[in-house]
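Q: Hi! I'm new to this one, could you walk me through it?
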Amino acid sequence: MKVLGYLLILMLTVPGRLAELKILSTPDGTTGAQPCALTCSGVAKYDETDKYEWYSWSSGKAYKLIDLKACNFVSAPVVTATLRGSYSSFTCPSLYIWDVWSSQFDLLTVEDATSDQMLSRQCDVYWTANGYNC
């Protein structure tokens with residue numbers, strides 16, 4: 001019983017190691033303080049409307065804007081994104097991250113695609129952004 005007491009005191013007095021995120025580089029070349037590093041992720045659904053819907057771009061590509069405002073980044077984060085289609089159709093094209101800002105990023109398809117195709121294929125964007133919030 002005495003050993004359990006010592007173990008409990010040790011656990012309460014020695015701070016636990018929090019999850020650590022280390023960002024080695026960013027789009028603008030500057031890094032922030034490690035306590036400000038943040039991972040933010042989400043899924044942009046294929047059927048979003050208004051500003052965040054799929055658009056047909058003049059170059060024959062499909063284009064989509066992804067909202068990052070809720071992440072509260074203070075500069076452009078490091079972004080990774082991929083597409084996932086419905087179970088009946090795995091024909092979503094590859095993506096190109098066109099531009100990244102602190103509050104949003106833009107995607108273009110690598111292969112030719114239209115907004116109608118992205119909707120019918122139910123191409124959701126799965127994304128992760130690593131950046132700084134202070």
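A: Sure! One term to begin with: two strands pair if DSSP finds at least two bridges between them. Strands (E, at least two residues) and helices (H or I, at least four) are DSSP runs, numbered from the N terminus. This is a predicted model, where local features need pLDDT of at least 70, side-chain atom pairs count only at pLDDT 80 or more, and totals for chains, interfaces and linings use all residues. Residues are numbered from 1 along each chain as its sequence is written, and side-chain values use heavy atoms, leaving out hydrogens and water.

Q: Cool. What does tyrosine 63 stand opposite?
A: Tyrosine 63 stands opposite leucine 108 in S6. S6 covers residues 104-109, and 5 bridges join S3 to S6, with the two running antiparallel.

Q: What order do the strands of that open sheet come in?
A: The order is S2-S3-S6-S5, 4 strands with antiparallel pairing.

Q: And which strands stand at the edges?
A: S2 and S5 (95-100) do; each has a single partner strand, so one side of each is left without a neighbour in the sheet.

Q: How many helices and strands does the protein have?
A: There are 2 helices and 7 strands, in the pattern α-β-β-β-β-β-β-α-β along the sequence.

Q: New topic: where is tryptophan 57?
A: Tryptophan 57 lies in the loop between S2 (55-56) and S3 (62-67).

Q: Why does tryptophan 57 count as partly exposed?
A: Because its relative accessibility is 33%; buried means under 20% relative accessible area, exposed over 50%, and partly exposed in between (1.4 Å probe, protein chains only).

Q: How much of the protein counts as buried?
A: Of its 134 residues, 34% do. Thanks for asking!
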